Every structure is written in structure tokens, then in C-alpha cells.
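Walk through this model one chain at a time, then look at where the chains meet. Keep the viewer open as you read.

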Amino acid sequence: MKHLLGIDSLSRADAERILERAESFAEVGRRDIKKVPTLRGRTIVNLFYESSTRTLSSFEIAAKRLSADVVSIKSAGSSVDKGESLKDTVATLTAYDPAAIVIRSPHAGAAALVAGWTDASVVNAGDGKHEHPSQALLDVYTLRARLGSLEGLKIWIVGDVLHSRVARSCLHAFGLMGAEVTLCGPPTLVPPELGAATGCAIAYDLDGLESADVIYALRMQRERMGESFVPSLREYVTRYQIDSRRLGPRQLLMHPGPVNRGIELSPEVIDSSQSLITTQVESGLVVRMAILYELLAGSERARPDRGPAPAEPPRIGQPA
Amino acid sequence: MSAALASRAAEPADLVIRGARLLDPRQELDAVRNLIVRGGEIAELAEPGAGTEPEGAEVVEGEGMLVVPAFVDPHVHLRVPGQEHKEDLETGTRAAAAGGYCAVVAMANTSPPVDSASILGSLRELAEQEAAVPTGFLATVTRGIGGEELTEMAELRDAGALGFSDDGLPIASARVLRRALQYQRLADGVIALHEEDPELSGDGVMHEGEVSAVLGLAGIPAASEATTIARDCALAREEGARVHVQHLSARASVEAIAAAKAAGTSVTCEATPHHLVLTDEAVRSLDARFKMNPPLRTEDDRAALLEGLRDGTIDCVATDHAPHAIEEKEVPFEEAAMGVTGLETAFAVLHTDLVLAGTLPLELVLERLTAGGEPFGIPAPRLEPGAAANLTLIDPAQEWTVGEDGYESRSENSCFAGRNLTGRVLLTVAGGAVAYRQRSFALGVAE
């Protein structure tokens with residue numbers, strides 16, 4: 001693989017290879033010295049046109065654990081604010097011969113454009129409301145670590161699907177790994193065409209949520225109220241908040257963060273034993289290491305058919 | 001072609017096209033003839049081998065070629081004044097001639113917009129220096145395309161405005177449009193309408209549907225166009241006004257026009273080649289060359305446009321030729337400028353994708369390509385003795401790749417770039433003068 005631009009264009013073999021590599025990095029992470037020399041002498045540029053704490057820091061630490069030199073450029077204070085075009089910025093950065101450019105942009109397709117303008121590998125760290133592939137891979141990794149497999153799993157993605165790149169990547173990733181996905185939220189925020197285009201089920205209320213193995217809640221942004229997507233936060237909370245009453249004892253809970261406590265999730269479920277939210281952050285690091293490894297060092301060494309497949313542990317909701 | 005059109009002075013053509021197939025569906029003409037142009041007028045449609053060829057006339061051996069009335073485009077953006085880095089009158093009209101057009105109607109959303117007689121006057125003077133084909137200019141309906149105050153429509157008409165349009169933007173206020181339609185009784189001149197409800201379009205950048213849902217792009221619903229068409233046709237009918245609806249893109253829009261026509265509204269409308277052959281599937285690539293307003297819609301919408309073109313609900317083909325500089329398109333889709341060029345590819349695209357594919361007869365496509373002036377009072381060109389020569393010579397079998405030899409237009413934002421097309425314009429005669437010769441195509445001289 002040269003670039004990671006989206007899950008839509010990813011094969012299951014590609015995904016499996018990255019996930020297996022992430023498992024081996026998890027082992028490294030348990031050592032005292034957490035750094036490996038794989039990318040020593042290579043430069044990784046993080047080009048972030050949107051503010052981000054967790055994704056940027058996760059990519060930075062991942063690159064450093066692989067011994068790469070890292071430069072992070074944020075939109076504020078850079079030439080971007082002086083009106084330089086994305087193409088010119090990429091040309092400038094490419095002059096430093098980076099091994100990879102990790103880009104976050106408010107615009108769909110930005111990463112794919114960059115891939116056409118540079119020799120470096122490009123990682124899409126979020127392009128508009130389109131895709132956020134590293135998030136989806138870390139979510140799959142998190143679920144596999146807990147359940148062994150996603151095959152046949154029922155996953156409900158609940159909330160503002162319309163404005164969520166996480167949802168768009170996750171629905172592809174979960175589907176790719178054999179799960180059945182339901183998109184749930186207010187009709188104004190869950191486009192039925194997305195269900196038609198992807199084969200996901202659509203639900204406008206939480207009836208049937210009890211059948212889910214995993215509930216994946218999305219961040220509900222306050223500005224959506226002003227845009228008449230939902231009448232009030234109160235009504236949203238009443239209809240869609242995942243609380244201890246709605247979260248069944250055998251269900252797992254995920255959220256891409258940052259969480260609006262008391263809006264999409266009630267405080268008690270965030271801290272419950274079923275919540276995988278902090279595990280997701282931990283997974284982010286090893287999965288992003290695996291992504292960088294795959295793109296920059298994986299061409300010869302990582303083979304999809306390498307080693308036996310891990311045995312499948314029993315799933316939640318399945319009699320042992 | 002008409003006093004309302006302006007173009008640079010050019011020598012009237014003496015031209016003979018021997019043995020080509022002359023096709024003019026309006027006159028039910030379909031025959032192999034010697035076409036003789038003398039002093040810029042069609043002199044004879046003689047039997048093969050017959051006719052009086054003017055001495056020294058240029059001669060084309062036209063066997064296997066097609067001669068048709070030249071096309072008229074009711075909707076182009078020539079970008080003058082103010083945006084000459086995208087296009088100017090010379091490059092834009094040269095592109096028109098290269099596409100087989102003998103006349104074009106230029107939109108008024110320039111910078112500054114054509115909203116005063118002085119701007120219009122200087123533009124027409126410039127066209128008399130630069131325009132390769134006769135060019136008509138619309139003036140805006142509202143000052144500065146602000147959507148609020150009417151322009152001095154009567155004075156603009158006296159200064160040569162072919163009609164009026166705020167194209168690029170809708171006239172959002174029904175009240176303002178109604179006043180303009182009432183004022184048409186004094187000023188005359190058809191009002192051409194870009195139909196869109198800004199409230200519904202919002203910050204949409206493509207058709208709202210499955211593709212936009214997957215890409216996470218804000219969509220422009222089909223209802224944005226169709227509801228506004230219904231509103232404006234109702235107003236036009238009530239005021240007894242004449243309107244021309246621009247660039248239809250959706251099934252519901254075709255239905256709204258059909259209903260308005262059935263109710264007796266004085267309305268005409270147009271559709272573009274790109275809406276007739278492409279759908280929003282093309283946008284999956286996130287290539288900004290497929291970004292335009294109205295957006296490419298679904299296969300069902302496309303089918304409705306084709307049916308509308310066939311049954312006459314849609315009166316004519318318009319290119320909505322909208323040149324943009326490279327740097328305005330080499331950006332993420334959401335940031336890119338709306339619009340695509342179209343003059344140089346219109347015929348070949350429709351010929352390849354609709355005629356050769358068996359979807360529409362060539363005669364029908366030619367009728368719709370030549371009818372673009374009619375909403376503005378410019379009759380369609382005809383192949384008949386005594387008429388000014390407005391004709392296009394086409395090699396219907398020649399294959400070519402869009403963009404491989406560059407473009408006559410200053411801009412390259414064609415949504416058909418790289419496409420292999422069949423059918424090429426070799427020669428265009430506009431207003432009695434030769435306006436274009438394809439580079440590889442040589443002429444002889446009569447002895």
C-alpha cells in the first residue's frame with residue numbers, strides 16, 4: 001500500500017495486515033523501551049488544517065515510537081493562512097522529501113488530491129465529512145481485541161451521521177469485517193441515501209437497540225440546533241442519549257471522542273465497564289504505528305498470508 | 001445575424017462545399033448537394049456536379065462530410081469585463097466557432113456585472129473588435145446581481161441588451177421577480193432564469209443523493225430547482241410575461257416546465273450536454289471538473305431530460321460554457337469554482353453519447369443545437385438560398401480526444417477532457433464569414 005485515503009477503497013486483506021501489525025506493536029508498547037528503529041532517518045509531516053488534539057498527538061507519538069522525524073504543521077500561523085494553495089503547500093513540503101504526509105482537512109478529497117501531487121505516502125487523517133480511516137481501523141482493532149472477530153456482529157452507529165466522517169469510515173470498516181451496521185439518529189441527520197448506497201439499515205429511534213452487540217455513539221455538535229437539524233438538545237437527549245437504562249449489560253459502548261458528557265452519552269455509561277472509549281485511544285497509537293509501518297516499511301516484509309490466523313475467542317452474547 | 005448581435009468585421013465568404021450531405025431538419029432537407037456560398041450568402045444548393053462556383057472561391061471536397069445549420073448557444077460566460085484570466089471575447093467566441101456555433105448569448109454576471117448601459121455599450125464595442133462569431137449580451141435583472149433593485153431595463157434594451165438574466169444566482173425574491181416581469185411590458189426582452197432556492201441549496205456543492213451521502217458532501221436537492229421553476233412560471237403566467245428557464249437538471253424540473261407550458265405560460269427552457277450525458281456518479285472521483293451548478297444529478301433525472309428534449313418540453317441545448325482558471329479547479333471539490341467549459345465539445349459529446357449510441361436521432365439533436373437563439377428572438381439558421389451563411393461542416397466519423405490539441409478557450413475545465421469522441425467540426429461559417437477552420441483541415445481553391 002502506498003497511501004491510506006479511505007476505508008471505501010481498502011481491501012479486507014489490507015485491513016487485516018494493518019490490524020495484525022498493530023497487535024505486534026501492542027506487544028512493543030508493553031516493554032520499558034517503547035521505541036523501535038524502523039523509520040529512523042525518515043521524515044513524517046503532519047499537515048493539519050483543522051484543530052485536533054487526539055488524532056494529531058496520536059500520529060505524532062506513533063511516528064516517534066517508530067523513530068521517524070516528525071514535523072507537525074497546524075493551519076494557524078502557517079503559510080496556509082497567508083492564502084497559499086494546498087497544492088503549493090504540498091510542493092513546498094515535498095521539497096523536504098518526506099516519507100509520509102499525514103493530512104487533516106475540512107474538505108472531502110483533500111488527501112487524495114495531495115497523493116497526486118507528492119511522491120510521499122499520504123495518510124488521510126480526516127477529509128471533511130468524508131472519511132477518517134485511521135479512526136475506523138482503530139475501532140475495528142479495539143473490537144477485535146475484545147471480541148476476537150466482527151463477523152456477524154450487530155453494530156448501531158447512533159447520532160449525527162450526516163456530518164460524521166467517523167461514521168462514513170466506520171460503516172465501511174465494520175461491513176468489511178463482516179458486521180451488520182445500523183445507522184440511527186434524527187431523520188434530519190441520517191440520510192436514507194447513505195443506507196441505500198451502503199446496505200446499512202436505517203433507524204430513526206432506538207427501538208431495536210437491544211439487539212445490538214455494540215453501540216457506537218457519535219458526537220452531537222451544539223451548532224446543529226441552530227441549523228434546525230433538531231429542535232432542541234433536550235429532545236435529542238430524550239430520544240437518543242445512551243444511558244444506563246438503554247445500554248444493556250451485554251452490550252459494548254464506543255465513541256470516537258471527544259465526548260459531550262450528558263448529551264450523546266450519560267456520565268455513568270462513559271465510565272462503565274462496557275465502555276471501550278479509553279481503549280479506543282490506546283488502540284489509536286498502535287494502529288497508527290501499524291499504518292505508518294504498512295505504508296513506509298511494509299511493502300516487502302508484511303505479507304497478508306503471514307502466520308496462522310488467530311483463534312476466535314467467543315463473542316459477547318454467544319453461549320460459550 | 002441580427003442587429004442585436006455584435007461581432008468583428010470579417011470578409012464575406014466565397015465558398016463551395018462539394019458533395020457533402022446537407023442536413024437541415026427544419027426544412028426536411030437531407031441530400032447530397034453542392035453548397036455554394038457567394039458573398040457571405042448561401043447562393044445555391046445545387047445537384048452534385050452542378051451549380052455556378054464563384055471564381056476564386058475556397059473549395060471543400062465534402063464527400064462523406066456533413067453540412068448543417070450552425071449552432072446557437074443561448075448560454076455562455078465570456079467573463080468580460082473583469083475576469084479575463086478565465087476567458088475573453090476573442091478566446092470565448094473562438095471556442096464557440098470551433099464547436100460549430102455561429103452565435104452565442106453571453107451572460108451578464110461579470111465583474112462588474114452588465115447592469116448599466118455604459119458597461120453594455122463598451123462591451124458591444126469590444127465585441128465589434130474581438131468577437132469571432134456574432135454575440136448577444138444579456139444585462140442583469142437587478143443592480144449588481146443584488147436581487148433587490150431592478151436595472152434600467154428599458155435603457156439597457158435601447159443600448160442593445162438581448163434580454164435579461166441574473167444567471168449565476170437566482171432571483172430569490174418573488175416580489176422582485178414579479179416587478180421585473182411586470183416591467184417587461186415596457187422594456188421587452190425575455191428574462192432568463194437560473195432557478196434555485198438558496199434556502200434549499202444552502203452550501204451544497206453537488207446533487208443531494210446517494211453519492212453525496214457517501215462522500216459527506218453537502219447536497220443541492222432537486223427540489224431547490226423544481227420548486228423555484230414552479231414559482232416563477234406561476235408568476236410569469238399571471239403577469240403574461242416571457243421567461244426562459246436555464247439549464248434544467250432534474251426530472252421534477254422537466255415536469256414543472258411541462259405543466260407550465262400546458263397551462264399556457266410563455267416559457268422556454270434549455271439543457272446542457274453535460275446534464276444530458278453525465279450523472280452524479282462522475283463526482284465520486286471528487287474531481288472538481290465535475291463541479292457545476294446546477295449539479296449533475298441521477299440517471300433518472302438524465303432520462304427525464306432526454307425525454308424532455310425529445311418531446312420538445314426542452315426547447316434547446318445550451319452549453320453554460322463556464323471557463324475557470326486551473327488554480328480555481330485544482331483544489332478540493334468543496335472549494336472549487338462551479339462550472340465547466342462546453343462550447344468546443346457540445347456537438348461531439350451529443351453525437352457520440354446520444355446519436356451514435358442510438359438514444360436520439362441526429363436530426364433532433366441538430367434542431368435543439370440550432371434553436372438556442374429563438375427564446376431571444378434570433379431565428380435558427382437555415383440552409384436555404386438567400387440566407388446568410390451560418391453553417392458548420394462536420395466530419396461525422398473523425399475520432400478525437402478532448403484536450404489533446406489544447407483548447408481554443410483560455411480555460412481547460414472541460415468535464416470531457418481525455419474523452420474519445422466521434423464527430424468533429426472542421427469549418428464554421430458565422431454571419432457569412434469563415435469563423436473557424438480546424439487546424440489539420442486544408443481548403444482548395446476553385447478554378
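Start in chain B, at strand β16, residues 391-401. This strand runs antiparallel to β17(B), and 8 bridges join the two. One pair is easy to pick out: B:L393 has B:L427 in β17(B) as its bridge partner. Bear in mind that the model is predicted.

Now follow β17(B) to its other partner. Strand β18 of chain B covers residues 433-437. β17(B) and β18(B) pair in the antiparallel sense, over 4 bridges. Here B:T428 is matched with B:Y436 in β18(B). The two strands form a hairpin with 2 residues between them. In that hairpin B:G431 takes a positive phi, near 55 degrees.

How many of the 11 residues of β17(B) are buried? The count is 9, so the strand, residues 420-430, is largely enclosed by the rest of the structure. The cut-off behind this is a neighbour count: a residue is buried if 20 or more other C-beta atoms lie within 10 Å of its own.

Step back to the domains of chain B. The assignment gives domain 1 as 15-67 + 386-445, and domain 2 as 70-376. Their centres, taken over C-alpha atoms, are separated by 27 Å. At the contact, 30 residues of domain 1 of chain B meet 41 residues of domain 2 of chain B. Which elements give two or more residues to the domain 1 side? They are β16, β17 and β18 of chain B. β17(B) provides the largest share of that side, with 8 residues. By class, the domain 1 side has 15 nonpolar, 10 polar and 5 charged residues.

Turn to chain A. An open sheet of 4 strands is found here, in the order β2-β1-β3-β4, with parallel pairing. Its edge strands are β2 (69-74) and β4 (121-127) of chain A, and each pairs on one side only. On average, neighbouring strands of this sheet are turned by 15 degrees against each other, direction ignored.

Look inside the sheet at β1(A), residues 43-48. It runs parallel to β2(A), and 6 bridges join them. A:I44 stands opposite A:V70 in β2(A).

Chain A also has two assigned domains. Domain 1 is 12-129 + 284-299, and domain 2 is 133-278. The centres of these domains lie 26 Å apart, taken over C-alpha atoms. Their contact takes 16 residues from domain 1 of chain A and 12 residues from domain 2 of chain A. On the domain 1 side, α1 (12-29), β4 and α11 (277-296) of chain A each supply at least two residues. The largest share, 5 residues, comes from α1(A). That side divides into 8 nonpolar, 4 polar and 4 charged residues.

Finally, put the chains together. The contact between them takes 15 residues from chain B and 21 residues from chain A. What classes make up the side of chain B that touches chain A? This side holds 8 nonpolar, 2 polar and 5 charged residues.

Two elements are worth a second look. In chain B, β17(B) is bridged to β16(B) and to β18(B), and β17(B) gives the largest share of the domain 1 side that touches domain 2. In chain A, β4 is an edge strand of the open sheet, and β4 of chain A also supplies at least two residues to the domain 1 side that touches domain 2.

Key
Residues numbered from 1 in each chain as written. Chains lettered and ligands numbered in written order. Predicted model: local features only at pLDDT ≥ 70, side-chain atom pairs only at ≥ 80, totals over all residues. Buried ≥ 20, exposed ≤ 12 C-beta atoms within 10 Å, placed from the backbone. Pairing = 2+ DSSP bridges. Contact = placed C-beta atoms within 7 Å. Nonpolar A, V, L, I, M, F, W, Y, C, P; charged D, E, K, R; others polar. Axes fitted to C-alpha atoms, helices over the stretch in contact; angles between N-to-C directions. Domains from an automatic or database assignment.
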